[in-house]
Amino acid sequence: MKTCVPTEIRSLERSIASLAFICKAEVSTIFDDFLTYVIYGFSPGEKSLENWKYGKEETVMFYQMYAEWVQIMNVQVDALGWYDVLGELYMSCVAGNTRKRSNGQFFTPPHICDLMVELCGSQDNSGELCSDPACGSGRNLLAWHAKHLNSYLCAEDMDRTCCFMTVCNFLIHGCVGEVIWHDSLCPDTFYDGWKVNEVLAVTGLPTIRRIAKEESIVWQNWQNQKNNVRVINPVKKNNIREKREEAKRLQLNLFD
């Protein structure tokens, strides 16, 4: 059973449900493929998508959903500082009650995320690292980023869909960091990983790049801790505030 869908995202929820009906697919499948669509569109140099099963008309609908998402984010981020459309959709429409209970997927309410940031200290642009080993849709890190624009964010989760949501959330919020798909209780594991917005401070362009485990700060730090080596702190990112505002104004066409 669906929980209440927030008013501001109902149009996007209807678009996802409509495409699921047309394609005779599960809503969760369309949601995952939408995340894949966004990630691929902002991954320069990435090889063609494998097993993309949609025709031209359906792909146009994915672009329309992308445009709806951007429009919602423009309004909500201006009003609130950060907003998690994808997490709200996931909890209300995608993840069933069984999946929520079995995986412990009950995302932290936004006001609690903001409260935890306030309890951790005042606004700081020191370029420090902030990590969440069970990130869900990344909303705790989004709240942190809203007050600490120069921080390098490290997100980890054992659920692939959650990692994809966090990658997309990092992208649209202008967060610089990485998302690692693995079991953080067994940190030697590494299923996949992505660097997000790593050249944002230089180019102003939002990007995503798939990485090997050796490129991950999370994985490197775990290896160093095992060997009693000093923990790595990423290079300070300069001018993130200005570039983030510039990146928000860019409109990139996906799948020309």
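## A tour of the largest pocket and a helix pair

The lining of the largest pocket is made of eight nonpolar, four polar and ten charged residues. Keep in mind as you look around that this is a predicted model.

**Stop 1: the pocket.** Start by finding the space itself, about 540 Å³ in the largest pocket. To land in the right place, select T36, L49, R160, F164 and R210, which are the closest to its centre among the 22 lining residues.

**Stop 2: the elements around it.** Now switch to a cartoon view and colour α2, α8 (160-173), β4 (192-196) and β5 (208-210); each of these supplies at least two residues of the pocket lining. Which element gives the most to the lining? That is α2, with five residues.

**Stop 3: from α2 to α1.** Stay with α2 (residues 27-41) and add α1 (residues 10-23) to your selection. Two packed helices are described by the angle between their axes and the distance between the axes. Here the axes come within 9 Å and cross at roughly 115°. Angles from 65 to 115 degrees count as roughly perpendicular, so that is how α1 and α2 lie to each other. Turn the view until one helix is in front of the other: α1 passes α2 in a right-handed crossing.

**Stop 4: the contact.** Show side chains for I16, A17, L19 and A20 on α1, then for V27, I30 and F31 on α2; these residues make the contact. What kinds of residue meet here? The contact has seven nonpolar residues, no polar and no charged ones. For a last look, return to the pocket, where the lining includes ten charged residues.

Key. Residues are numbered from 1 along each chain as its sequence is written. This is a predicted model: local features need pLDDT of at least 70, side-chain atom pairs count only at pLDDT 80 or more; totals for chains, interfaces and linings use all residues. Side-chain values use heavy atoms; hydrogens and water are left out. Axes are lines fitted to C-alpha atoms, for helices over the stretch in contact, and angles run from 0 to 180 degrees between N-to-C directions. Helices (H or I, at least four residues) and strands (E, at least two) are DSSP runs, numbered from the N terminus. Angles under 35 degrees count as roughly parallel, over 145 as roughly antiparallel, 65 to 115 as roughly perpendicular and the rest as oblique. A crossing is left-handed if the near helix is turned anticlockwise from the far one by less than a right angle, and right-handed if clockwise. Contact means heavy atoms within 4.5 Å. Ala, Val, Leu, Ile, Met, Phe, Trp, Tyr, Cys and Pro count as nonpolar, Asp, Glu, Lys and Arg as charged, and the others, Gly among them, as polar. On a 1 Å grid over the protein atoms alone, a cavity is a set of points where a 1.4 Å probe fits but cannot get out, and a pocket is an open set with protein on both sides within 12 Å along at least five of seven lines; lining residues have an atom within 4 Å of a point. Grid points are joined across faces, edges and corners, and a volume is the space filled by probe spheres set on the points.
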